[in-house]
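Thank you all for coming. I would like to walk you through one model this morning, starting from a single strand and working outwards.

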Amino acid sequence: MNLASFPRVRLTQAPTPLEFLGNLTRLLDGPNIYIKRDDNTGLALGGNKTRKLEFLIGDALAQGATHILTQGATQSNHVRQTIAAANKYGFKTTVLLEERVSGAPADYYANGNVLLDQILGAVIETRPAGLDMHGELIAAGERLRAAGETPYLIPGGGSNPIGALGYVVSAQEIVAHANEHGLHIDHVVHATGSTGTQAGLLVGLQGSNSHIPVLGISVRAAKEKQEHNVRQLAARTWDLLGIRGSFPEDSVVVNSDYVGEGYGVPTDGMIEAVHLLARHEGILLDPVYTGKGFAGLVDLVRNRHFRKGQNIVFLHTGGATGLFAYRSLLAPRAAL
């Protein structure tokens, strides 16, 4: 895998730490739980999209773009990090925010990532739920092009083959840490949404012959749809890198049991997971992605899906700024 052949900028404070969660491991009395701290990537309060943006912004610069255009849900972590990365390299930025979560409290529309988007200074446009957001992105790009700009379109989550290269890099970090510290990793678990993180991890782990299994805990789509989407993107990323053979499609595994009523809609498991990790390890999850992903991991541990003595790595993809958008649900919770 020759990642050096792709245009890239440096945004990530890497390698990010891989920490042992000793208190939680003892509390749950199951496998050894580790956490890969990609919430600490460093750009505008961090998160997993920073890794993807290294390659996406690099590609935008190589193409002579003047204006970055992307989209996401109202509380998108991806949008926040994209604006920050664009600012570093002198791009103008327009973002489309989809009002995907209905009936949310006022904080959802004015606090958290929305406040940071405003501080970072992008042009923000809103869209109602249910539109074809990729189509909206293309239409906005055509409008900018007609106005004399050279737009570079980044899909939601930065999830295309170029963006997924960022998680090929993260997979290499995980393998390097395991080799350096003599750590046998039995499973990597993470929250999966726009698919770029899971696709990149799988390509990096399978393409390096480490064959560490990855379990994606879906935060939006049903199992069959999410697995299909991950396979499609992973295969395209595999081909982009020119890896021999075909991407092993049977390596794609998604669990959709923890989505609840939908994307961004809180669940009791998410609320418990946020408090559990904060109060036993001092680490903050987010309410949309890692909260549900970690809730899935905790439930699977409690139900003995993983054996005691196994080593499980949870990938923390960031987004704690979103907690402020769910203040009314999270603040009154009684101590655990």
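**Strand E10 and its surroundings**

In strand E10, the residues Asn311, Val313 and Leu315 point one way, Ile312, Phe314 and His316 point the other way, and all of them are buried, where buried means under 20% relative accessible area, exposed means over 50%, and partly exposed lies in between, with a 1.4 Å probe and protein chains only. Before I go further, please keep in mind that this is a predicted model, in which local features need pLDDT of at least 70 and side-chain atom pairs count only at pLDDT 80 or more, while totals for chains, interfaces and linings use all residues. Residues are numbered from 1 along each chain as its sequence is written, and side-chain values use heavy atoms, with hydrogens and water left out.

E10 covers residues 311-316, and 6 of its 6 residues are buried; strands here are DSSP runs of E with at least two residues, helices are runs of H or I with at least four, and both are numbered from the N terminus. Which strands pair with E10? Strand E2, residues 32-37, pairs with E10 in the parallel sense over 6 bridges, and E7 also runs parallel to E10, joined to it by 3 bridges, given that two strands pair if DSSP finds at least two bridges between them. Val313 in E10 stands opposite Tyr34 and also opposite Val188, while Phe314 in E10 is the bridge partner of Val189.

Stepping back, these strands belong to an open sheet of 6 strands with mixed pairing, in the order E1-E2-E10-E7-E8-E9. Strand E1 (18-20) and strand E9 (254-255) stand at the edges with a single partner strand each, so one side of each has no neighbour in the sheet.

Let me follow the chain past E10, to the loop that leads to helix H12 (327-330), where Thr321 is found. Thr321 counts as buried because its relative accessibility is 9%, and its side chain makes a polar contact of 2.9 Å with the side chain of Asn113. A polar contact is a pair of N or O atoms within 3.5 Å; within protein, one must be able to donate a hydrogen and the other to accept it, and residues adjacent in sequence count only if both atoms are side-chain atoms.

Asn113 also belongs to the lining of the largest cavity, together with Gln75, Asn77, Tyr263, Asp286, Val288, Tyr289, Gly319 and Gly322. The largest cavity has a volume of about 40 Å³.

On a 1 Å grid over the protein atoms alone, a cavity is a set of points where a 1.4 Å probe fits but cannot get out, whereas a pocket is an open set with protein on both sides within 12 Å along at least five of seven lines, and lining residues have an atom within 4 Å of a point. The largest pocket holds about 950 Å³ of space, and among the elements that give two or more residues to its lining are strand E7 (187-192), H8 and helix H9 (223-241). H9 gives the largest share, 6 residues, and of the 44 lining residues, Gln71, Gly156, Gly193, Ser194 and Arg220 lie nearest the centre of the pocket.

I will finish with H8, residues 196-207, a helix of 12 residues. Is H8 mostly covered or mostly open? It is mostly covered, with 11 of its 12 residues buried, including Gly196, Leu201 and Gln206. After H8 comes Asn209, whose phi is positive, near 65°.

Definitions and conventions
Expected span 1.5 Å × (residues − 1). Points joined across faces, edges and corners; volume = space filled by probe spheres on them.
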